[in-house]
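Got your viewer open and ready? Let's take a short walk through this model, one selection at a time.

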Amino acid sequence: MVTDIVSQKLEIWFRTMERLRGRNQRVIKRSSEEHIYGSSPSLALHCRRPMPSSFALTGRPFSARRMMPRWLTWLWYHRNYLIIVIIPLALLPLPLVIRTSEARCGYVILLMALYWCTECLPLAMTALLPVVLFPMMGIMKAGEVSIEYLQDSNMLFIGGLLVAIAVEHWHLHKRIALQVLMLVGVRPALLMLGFMIVSSFLSMWISNSATTAMMLPIAQAVLQQLKSTEARADERDFEAAAEDNDAFEMEIAQTHEEKTDEKQPDAKVQLEEAEQEREWKPESPLDAKKKAMELKYQHLTKGMSLSVCYAASIGGTATLTGTTPNIILKGQIDKLFPGNNDVINFASWFSFAFPNAMLMLVLAFVWLQFMFLGFNMKQTFGCGHKSDRDKEAYAVIKQEYSKLGSAPFAERAVLAIFLLLIVLWFTREPGFFDGWATVLFNKGGPFVSDGTVAIFMSMLFFVVPSQMPKCGGYDPDEEGKRVNAPSTLLNWQVVHERMPWHIILLLGGGFALAAGSEESGLSKWLGDSLAPLQQIPPVGISLLLCMLVATFTECSSNTATTNLFLPILASMALAINIHPLYVMIPCTIAASLAFMLPVATPPNAIAFSFGKLKVMDMVKTGFVLNVIGILTVNLGINTWGYAIFDLGTMPHWANVTNDKP
């Protein structure tokens, strides 16, 4: 992530230097023309900018890359190869000087952390390093490492992704989004609120990137319609005002007559007059209004783009399958504390994270409203009769919705399976009464998990047909060919194209790191080293750690950040005698609070490309949202989270780690 930022800055610098080269070439050309036509006042206008002395002396065009030495340019373009080789060699003294299993495991963790941060290797390939290094360094056996890459949490993640793929494949998410937008209306604040609600809801079940990529074009179309409607209305108002003002009409006619009577100047004089006229001529009321409208919709476009990407990131924290760090937390808890009685499941996570996400969403809306729309409630929210511009913008949304047509059988089937999956997740182990899994399957132990339910329900997508079975013929396919039997809701080709397989390897790499830290004793050593933190109040520790994780995740993948920090946090919590979840849950959510940089998350990058944003726009807005997110999650963990997870007492399952020899 850091290298991406540096690359962008250098590319901008190169483009600026190239523009300077083109400008100074024009200056040299105009200077030579002035030498020949020095008495011409019109041509003298072209020589107002002084020519830099360096160009006057050398007479050669400027090149940005000539200012940078060739060897430095070569190093920059080959930086990934150099990082791959230099970092392992630079860290090699650690296991050679300190000949312990803790040092060898620390070497692997540091190497993976730097590779993840610099992205010199693909993230998924870096996640496979424990398969090679742990057996070679005598930390874990190859079979023990490999099995970490397909835990129950990975099955839950795969099942959730299959559901998301089915929803996207049949455009169910688009129908839901447009239906909600038709309900909330098209007034600026209501429109922003509607997009935030839809984006946050969809990102609970499908990927944040897919949600942002789908919602932003809809937002752009609606804003463009609002802008064009307002521009036409302003022109009509201006023409009507001109017709009512007789003096204004006479002035226009008189000016026109004077211009026709005057002798037409030659082209050179006309160019000079146009240059001077632009400097002193006051702009007309219509032009001023157009500029004000452009500025208004520029702010509105920025605010709408940021609202979509931020709402998608916030909504992903609300469900266990909404974003990868949540799944990593469950996997780490199950790995580090095997007897935890399924403390993190879909129902318990939702009961804590959903209120936190809604509170964060409301505060984010208020902040974005303040930044980009102001607090004029009458203009932004609007009440009463709809104007023509509101009706036309509403017509755009309605037209997009009408393109979907009536919901086909496949869409209704996907919705039914999706709703049934949610019901089964919530009622499997709700906590305050015995769920269906406890009554039917889990009397002798935790046999059925959320991953079991997710895989079972996702299998139905490969069983249920996409059309209602009937005796007659079926609707032709997209190519117009006859269909003898309907296809299923999903086929493996669609899944293969859309499934992010690299994320599964990333999850496994994190679980392998946790297992290696446990086996080598590095976790216990880190916990003992952090024991002095016991003097700090738990609230302060949680706040400090959340700020550290939120800062780190701006420059690194949230998956890599969570994989690196959670095992350390678990060891630290045991060392200072506080509930592991008290620090692990807030830091997991903080890993998703990457709001400040375009390269921090894919939704940020998508919004940056759509919304005509500057980096500083995202930094100023995102910094406050980071603070809001850290405060809300710490408020939640110290109030309703304290009761849900019983954080006031040290759980018996947390002593399993310390009991190991």
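**Stop one: the largest cavity**

Start by selecting I109, L513, S517, L522, S523, L526, N563, L564, P567 and I568, the residues that line the largest cavity. Keep in mind as you look around that this is a predicted model. The space inside this cavity comes to about 80 Å³, and the structure holds 4 cavities of 30 Å³ or more.

Now colour the lining by residue class: you should get 7 nonpolar, 3 polar and no charged residues. Which helix gives the largest share of the lining? That's α30, with 4 residues. Helices α27, α28 (522-529) and α30 each supply at least two residues of this lining.

**Stop two: α27 beside α30**

Next, show α27 (residues 501-520) and α30 (residues 558-575) as cartoons. Their axes are 9 Å apart and meet at an angle of about 15 degrees, so α27 is roughly parallel to α30. The crossing of this pair is right-handed.

To see where they touch, pick L506, L507, G510, L513 and A514 on α27, then T559, N563, L564 and P567 on α30. By class, that contact has 6 nonpolar and 3 polar residues, with no charged ones. Some of these will look familiar: L513, N563, L564 and P567 also line the largest cavity.

**Stop three: α27 beside α8**

Keep α27 on screen and add helix α8 (residues 101-118). The axes of α8 and α27 are again 9 Å apart, but the angle here is about 155 degrees. The two helices are therefore roughly antiparallel to each other. Is this crossing left-handed or right-handed? For α8 and α27, it is left-handed.

On the α8 side of the contact, select S101, E102, C105, I109, M112 and W116; on the α27 side, select L506, L513, G516, S517 and S520. This contact counts 6 nonpolar, 4 polar and 1 charged residues. Look again at I109, L513 and S517, which are among the residues lining the largest cavity.

**Last stop: the second largest cavity**

Finally, clear your selection and pick V167, L172, I176, F201, L202, W205, I206 and F418, which line the second largest cavity. Here, α13 (172-184) and α14 (188-203) are the elements that give two or more residues to the lining. About 60 Å³ of space lies inside this cavity. Try the class colouring once more: the lining has 8 nonpolar residues, no polar ones and no charged ones.

Notes: Residues numbered from 1 in each chain as written. Predicted model: local features only at pLDDT ≥ 70, side-chain atom pairs only at ≥ 80, totals over all residues. Heavy atoms only, no water. Axes fitted to C-alpha atoms, helices over the stretch in contact; angles between N-to-C directions. Parallel < 35°, antiparallel > 145°, perpendicular 65-115°, else oblique. Left-handed = near helix turned anticlockwise from the far one by under 90°. Contact = heavy atoms within 4.5 Å. Nonpolar A, V, L, I, M, F, W, Y, C, P; charged D, E, K, R; others polar. 1 Å grid on protein atoms, 1.4 Å probe; cavity = no way out; pocket = protein on both sides within 12 Å on 5 of 7 lines; lining within 4 Å. Points joined across faces, edges and corners; volume = space filled by probe spheres on them.
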